Amino acid sequence: MEQTLSIIKPDAVAKGVIGKIIDRFESEQLRIVATKKIQLSKQDAQSFYAVHAERPFFKDLVDFMISGPVVVSVLEGENAVLVHRDLMGATDPKEAEIGTIRADFAENIDANAVHGSDSVENAKNEIRFFFADRELT
Ligand code: CMP
């Protein structure tokens, strides 16, 4: 069993597709361990995406992530990191396979509907970033 972190980004929350996206997780046997809708501060977003701080898209990424509420969830299942990444599709929705979340709901590489951890190790850190132990049931 693995755990991974999902963020439903402000564009997808604004579109009203939280339920549709969570349904895809559960349909692929990813259990919702914890979930909450929150408004990130600038400092939250800068700190969460610190690995991208030197990238040219960092400022736009932070501005976008604080443009409205997000839904953060911990998903659990066999190979959860990879299963979740397959469900999301490529980072750039233009390259995402038909039927993936980003192909169906994302606008462009900035407003790309969802984020998912890219490794088990990063998942642990990302889960700890958003959730206290008592929230992980
Ligand atoms: P995410 O999986 O949340 O991780 C970092 C985000 O930066 C990524 O999704 C994209 O939304 C955004 N981004 C913008 N431009 C790029 C780029 N050229 N390469 C990777 N990520 C980008």
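Which element gives the most to the lining of the largest pocket? Here's a tour of a predicted model, one close-up at a time, and the answer comes up in the third view.

**View 1. Meet the ligand's neighbours.** Look around the ligand and you'll find Lys9, Tyr49, His52, Arg55, Phe57, Leu61, Thr91, Arg102, Ile109, Asp110, Asn112 and His115. It's an even mix: this shell splits into four nonpolar, four polar and four charged residues.

**View 2. Zooming in on the ligand's oxygen atoms.** Start with Tyr49, where a polar side-chain atom sits 2.6 Å from an oxygen atom of the ligand. Next comes Asn112, with an N or O atom of its side chain 3.2 Å from a ligand oxygen. For Arg102, the distance between a side-chain N or O atom and an oxygen atom of the ligand is 3.5 Å. How much of the ligand's accessible area does the protein cover? On its own the ligand has 450 Å² of accessible area, and the protein covers 79% of that.

**View 3. The largest pocket, home of the ligand.** The ligand takes up the space of the largest pocket, which has a volume of about 660 Å³. There are 26 lining residues here, and those closest to the pocket's centre are Tyr49, His52, Thr91, His115 and Gly116. You've already met Tyr49, His52, Thr91 and His115 around the ligand. Now for the opening question: α7 gives the most to this lining, with four residues. Along with α7 (120-130), the elements α3 (42-48), α5 (80-88) and β4 (114-116) each chip in at least two residues. Sorted by class, the lining of the largest pocket has nine nonpolar, 10 polar and seven charged residues.

**View 4. The second largest pocket.** This one has a volume of about 160 Å³. Its lining is made of Met1, Glu2, Gln3, Val120, Ala123, Lys124, Ile127, Arg128, Phe131, Ala132, Asp133 and Leu136. Two elements, β1 (2-8) and α7, give two or more residues to that lining. Here's α7 again with the largest share, this time five residues. Sort the lining of the second largest pocket by class and you get seven nonpolar, one polar and four charged residues.

Note on methods: Residues are numbered from 1 along each chain as its sequence is written. This is a predicted model: local features need pLDDT of at least 70, side-chain atom pairs count only at pLDDT 80 or more; totals for chains, interfaces and linings use all residues. Side-chain values use heavy atoms; hydrogens and water are left out. A residue is near a molecule or strand if one of its heavy atoms lies within 4 Å of it. A polar contact is a pair of N or O atoms within 3.5 Å; within protein, one must be able to donate a hydrogen and the other to accept it, and residues adjacent in sequence count only if both atoms are side-chain atoms. Accessible areas come from the Shrake-Rupley method with a 1.4 Å probe; for residues, only the protein chains shown count as cover. On a 1 Å grid over the protein atoms alone, a cavity is a set of points where a 1.4 Å probe fits but cannot get out, and a pocket is an open set with protein on both sides within 12 Å along at least five of seven lines; lining residues have an atom within 4 Å of a point. A molecule sits in a cavity or pocket if more than half of its atoms lie within 2 Å of its grid points. Ala, Val, Leu, Ile, Met, Phe, Trp, Tyr, Cys and Pro count as nonpolar, Asp, Glu, Lys and Arg as charged, and the others, Gly among them, as polar. Grid points are joined across faces, edges and corners, and a volume is the space filled by probe spheres set on the points.
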